[in-house]
Amino acid sequence: MIGRLTLAAAVMATLAAAVAGCGSRSDPSGHPNGTRISALQRSARAHRRQGGRVPPLLSKRDVYAADRPGRLSAVVRHFPARIYVPNSKSNTVDEIDPRTFKVIRHFTTGALPQHVTPSYDLKTLWVDNDRGNSLTPIDPRTGRPGKPVPVDDPYNLYFTPDGRYAIVVAERLRRLDFRFAHSMRLHHSVSVPTCSGVDHMDFSVSGRYALVSCEFGGSVIVLDVARERVVRTIRLRAGAMPQDVKLSPDGRVFYVADMASNGVWTLDGHSFRRGRFIHTGAGAHGLYASRDSRYLYVSNRAESSISLISFRNRSVSRKWRLPGGASPDMGGVSADGRVLWLSGRYDAEVYAISTRTGRLIKRIPVGQEPHGLCVYPQPGRYSLGHTGVFR
């Protein structure tokens, strides 16, 4: 795996796979592959000059090795366990105590809060107020909100794997805004005019690239993180609606949920070449890795179910159905790995689901249109964003 290779070696390995998979195709700017390779080599040198360093993986075979039950960072070890639920239509956040399944705090945010995102250093939670053009900080030691920080159109929020920048996903403006991770001061805006509905992403093993979904464009784009530019567009199919993105534990495959196609696409983790399609269920939406790195949980929002894709076999091994109707959307796995927490997007509730049996443990009433809830704290050394992508 390239987690322990030097950056230059990682880039060359990626390029070799890309050339093998793409033949004589040109890159998005129209240059032949030879020119693109030269540009990426220059990108690697620029990345080194900037001092960008991605922490090495704990295991070259598993990007989620740091996310095992009980592996809480010293930073978060004494934070109280909470479920933070942004209610998009209510412009509020509900905080749930997972031991009692009760809402213990409720506060107002900016307009249209979409996700609650852990900061790279794990010390802050950010509420992404999309229409409110702001980020509301939450102190996870106390659960109390702070003064909102002005930010344009934050539909979603990620962090570069070296921790230097936040990447604000400005869906409405069709931009990816690189901001300094602590101050949120703008560093550089990357326009993505061909990525209609830019939404979710995950990063390659080396951290050099991110695969980004375009919900209304039926495609995904490849972001060169070091050079802060889009280097490729991959079409999925006409009418596709790609949603969440997740890297496999071995780094060989990206999984992309497709809400319109009712399943998950696979793309090569190095060449980004489109692979096979896995049917999971109607309205496939959120993707979450189990704490033992064996399964990918897929929330099928339009059919009240959760599909489990085996990372080993790259196929659906089982399906859990939520009784009484539900709209499972975004969420995360508890720190001990025993509970999958998901928002009920169109039912004003949150679901706690046993990861051992698939049984619905509890429905918890919350505000209107709960979306990207965050389980916190979680194991991991640093956060790459969204509702909790940890390494």
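Mentor: Arg-208 lies over the face of Tyr-209, 5.0 Å from the centre of the ring. The model is a predicted one, and this contact may serve as the opening example of how its side chains are read.

Trainee: How is a pair of aromatic rings described?

Mentor: Such a pair is described by the distance between the ring centres and the angle between the planes. A search of the whole structure finds 10 aromatic pairs. In one of them, the centres of the Phe-254 and Phe-272 rings are 5.9 Å apart and the planes stand at 25°, so this pair is stacked.

Trainee: Where do Phe-254 and Phe-272 lie?

Mentor: Phe-254 belongs to strand S18 (residues 253-258), while Phe-272 is in the loop between strand S19 (263-268) and strand S20 (274-279). The two are 18 residues apart in sequence, so the pair ties together separate parts of the chain.

Trainee: Are Phe-254 and Phe-272 buried or exposed?

Mentor: Phe-254 is buried, and Phe-272 is buried as well.

Trainee: Which class does the aromatic pair of Tyr-297 and Trp-320 fall into?

Mentor: This pair is tilted, with 5.7 Å from centre to centre and 35° between the planes. Tyr-297 lies in strand S22 (residues 295-300) and Trp-320 in strand S24 (residues 315-321); with these positions 23 residues apart, the pair links distant parts of the chain. Tyr-297 and Trp-320 are both buried. Aromatic residues may also be grouped beyond a pair: Tyr-165, Phe-178 and Phe-180 form one aromatic cluster.

Trainee: How many salt bridges does a search of the whole structure find?

Mentor: The search finds 16 salt bridges. One of them joins Arg-175 to Asp-152, with the closest N and O atoms 3.4 Å apart. Arg-175 lies in strand S11 (residues 175-180), and Asp-152 in the loop between strand S8 (149-150) and strand S9 (156-159), so this pair ties together parts that are 23 residues apart in sequence. Asp-152 has 35% relative accessibility and therefore counts as partly exposed.

Trainee: Which parts of the chain does the salt bridge of Arg-391 with Asp-202 link?

Mentor: In this salt bridge the closest N and O atoms are 3.3 Å apart. Arg-391 is in the segment after strand S29 (374-376), and Asp-202 is in strand S13 (residues 198-203); the pair links distant parts of the chain, 189 residues apart. Both Arg-391 and Asp-202 are buried.

Trainee: Where do the partners lie in the salt bridge of Glu-349 and Arg-363?

Mentor: The side chains of Glu-349 and Arg-363 meet at 2.7 Å, N to O. Glu-349 is in strand S27 (residues 349-354) and Arg-363 in strand S28 (residues 360-365), so the salt bridge ties together parts 14 residues apart in sequence. Glu-349 is buried, with a relative accessible area of 12%, whereas Arg-363, at 27% relative accessibility, counts as partly exposed.

Trainee: Which residues are linked in a network of salt bridges?

Mentor: Asp-130, Asp-153 and Arg-172 are linked in such a network.

Trainee: What is found in the loop between S27 and S28?

Mentor: Gly-358 has its place in that loop. Its relative accessible area is 9%, so Gly-358 is buried. The C-alpha atoms of Gly-358 and Ile-306 are separated by 8.3 Å, although these residues are 52 residues apart along the chain.

Trainee: Which residues lie nearest the centre of the second largest pocket?

Mentor: They are Asp-292, Tyr-297, Gly-337, Thr-355 and Arg-356, out of a lining of 16 residues. The space in this pocket is about 280 Å³. Strands S22 and S24 each supply at least two residues of the lining. By class, the lining of this pocket divides into 5 nonpolar, 4 polar and 7 charged residues.

Trainee: How many cavities of 30 Å³ or more does the structure hold?

Mentor: The structure holds 2 such cavities, and the largest has a volume of about 190 Å³. The largest cavity is lined by 15 residues, of which Asp-67, Ala-289, Arg-291, Gln-378 and Gly-388 are the closest to its centre. Strand S21 (284-289) and strand S25 (328-333) each supply at least two residues of this lining.

Trainee: What is the lining of the largest cavity by class?

Mentor: That lining has 7 nonpolar, 5 polar and 3 charged residues.

Definitions and conventions: Residues are numbered from 1 along each chain as its sequence is written. This is a predicted model: local features need pLDDT of at least 70, side-chain atom pairs count only at pLDDT 80 or more; totals for chains, interfaces and linings use all residues. Side-chain values use heavy atoms; hydrogens and water are left out. Rings of Phe, Tyr and Trp (its six-membered ring) pair if their centres lie within 6.5 Å; planes under 30 degrees apart count as stacked, over 60 as edge-to-face and the rest as tilted. Helices (H or I, at least four residues) and strands (E, at least two) are DSSP runs, numbered from the N terminus. Buried means under 20% relative accessible area, exposed over 50%, partly exposed in between (1.4 Å probe, protein chains only). A charge sits over a ring if NZ of Lys or CZ of Arg is within 6 Å of the ring centre and within 35 degrees of the ring normal. A salt bridge is a side-chain nitrogen of Lys or Arg within 4 Å of a carboxyl oxygen of Asp or Glu. On a 1 Å grid over the protein atoms alone, a cavity is a set of points where a 1.4 Å probe fits but cannot get out, and a pocket is an open set with protein on both sides within 12 Å along at least five of seven lines; lining residues have an atom within 4 Å of a point. Grid points are joined across faces, edges and corners, and a volume is the space filled by probe spheres set on the points. Ala, Val, Leu, Ile, Met, Phe, Trp, Tyr, Cys and Pro count as nonpolar, Asp, Glu, Lys and Arg as charged, and the others, Gly among them, as polar.
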